[in-house]
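Here is a short report for a reader who is new to this protein. Please look over the sequence and the model before reading on.

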Amino acid sequence: MKHVLARATGVMVLVVAVIGAAAPATAASGSSGPGVTSKTITIGYITSTTGVASSTFADAPAGAMARIDEQNAKGGIDGRKLVLVTKDDTSSPTSNQTAAQELVQQDNAFGVVDFSAVAFGGAKYLNQQGVPVTGSEFDGPEWGMQPNSNMFTYSPPLYTPYNGKLYTYTFFGTFLKSVGVTKLASLAYGISPSATDAAAAAVASAPAAGIKNCYQNYSVPFGAVDFTADVLAIKSSGCNGVQAPLVDSSDVALATAVKQGGVSAKQFYYTGYSSDVSGKASSAAAFDGNYVEAGINFVTPSGPVAAMLNAFKQYDPTYTASDIPDLGLYGSYIAVDLMIKGLQLAGKDPTRPTFIKNLRQVSSYDAGGILPSPVTFKGFGTLAMIPTSGCTYVVQLKGTKFVVANGGSPTCGKRMSFTAPST
């Protein structure tokens, strides 16, 4: 089955058709790539709307579709409307590969936006087919690793090893010290290389700030919600800081366990900055006082960020003005924006090779000012893809409202290297 997201009178419609019932789209000319006709360009999209990662990504297709609708309202790309075909990978690497194969072989997608914590499942196949892929590197190292020059991440590929080292920024340790952390506990999913590396990055940046590592568990089951044993170990080790790159449901479960276990610790997460958390009494109570790496400031949004929020208001019927978009929603919007950027650079008769070649020449991409720090696509597979300094926002939940930490300013730091952990 294939699922095509479309819009009708402002309402999202799920069109279901039997694969093979219709002939694949033909190119507008002999020089155009697959999925390109004189009137449309077909883009594939993969995320996890079901399974253990769905607490973060269930609304992700709406973010992708909002950017598609926004572009189509402007006339599409060179007069061609964009058509989005979406697949659910059920939070499984194997299903992600299957989804990638269906999009290329059956749905004739020109490129694929793979916005999933298990995007590594389909990465090899998409590279072998020469398919442009956009997204973010939160699933693993392939986004900056040869031969995957067809993959473009809107955040620096920090989880790709260069010369045997991984890289991060000193702002993690600096921020943790600023809120009083002296002994840090770290947890990460065993299935996710990037989750382990993200946790290890914070640990690596801690010693320079005078913070010691007191406990780590890099074998957490994907989507886990039982952290009783971890909290007992954290408490017995005297940790006063906890950080964990997990999905929303695990974040809330860990935060709940920490409070119920009587552990007095500052908690730092990488997802959870959304109305899904602050708008529910139980999760807000568990998360109250905790910090989240925001990436984007939705509390006092800049002009470009406000424009993105307006797109959600206009094109996502489930979005309300008071909502804080989660990673699934806003990240998908940006990932599709990056796909659109590549198509615009590929010319009037876009081909996959010209998309990849021309987007690789871009040295400063910030999604029109949405991202706090620009990224480069030059120097693929080298340290040149990691800027020497970087910034992010950190927010804190106070009651039911998020506030921007660090006095409302981004938290910035210098690039530093560290050794990949053994799990």
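The report covers the overall build, then the surface and contacts, then one cavity.

## Overall build

This is a predicted model. The protein holds 13 helices and 17 strands. Along the principal axes, its C-alpha atoms fill a box of roughly 65 × 45 × 40 Å.

The radius of gyration is 21 Å. That agrees with a compact globule, because 423 residues packed that way would have a value near 22 Å.

## Surface and contacts

Of the 423 residues in the protein, 56% are buried. The accessible surface comes to about 15800 Å². Carbon and sulfur atoms account for 55% of that surface.

Contacts often span long stretches of sequence. Take the contacts between residues at least 6 apart in sequence: 67% of these join residues at least 24 apart.

## The second largest cavity

The whole structure was searched for cavities of 30 Å³ or more, and two were found. The second largest cavity has about 40 Å³ of space.

Which residues line the second largest cavity? Four are phenylalanines: Phe-171, Phe-172, Phe-175 and Phe-268. Glu-293, Thr-392, Val-394 and Thr-411 also belong to the lining. By class, the lining has five nonpolar, two polar and one charged residues. Helix 5, residues 171-178, gives the most to this lining, with three residues.

Methods:
Residues are numbered from 1 along each chain as its sequence is written. This is a predicted model: local features need pLDDT of at least 70, side-chain atom pairs count only at pLDDT 80 or more; totals for chains, interfaces and linings use all residues. Side-chain values use heavy atoms; hydrogens and water are left out. On a 1 Å grid over the protein atoms alone, a cavity is a set of points where a 1.4 Å probe fits but cannot get out, and a pocket is an open set with protein on both sides within 12 Å along at least five of seven lines; lining residues have an atom within 4 Å of a point. Grid points are joined across faces, edges and corners, and a volume is the space filled by probe spheres set on the points. Helices (H or I, at least four residues) and strands (E, at least two) are DSSP runs, numbered from the N terminus. Ala, Val, Leu, Ile, Met, Phe, Trp, Tyr, Cys and Pro count as nonpolar, Asp, Glu, Lys and Arg as charged, and the others, Gly among them, as polar. The radius of gyration is taken over C-alpha atoms; the globule rule is 2.2 Å times the number of residues to the power 0.38. Buried means under 20% relative accessible area, exposed over 50%, partly exposed in between (1.4 Å probe, protein chains only). Contact means heavy atoms within 4.5 Å. Accessible areas come from the Shrake-Rupley method with a 1.4 Å probe; for residues, only the protein chains shown count as cover.
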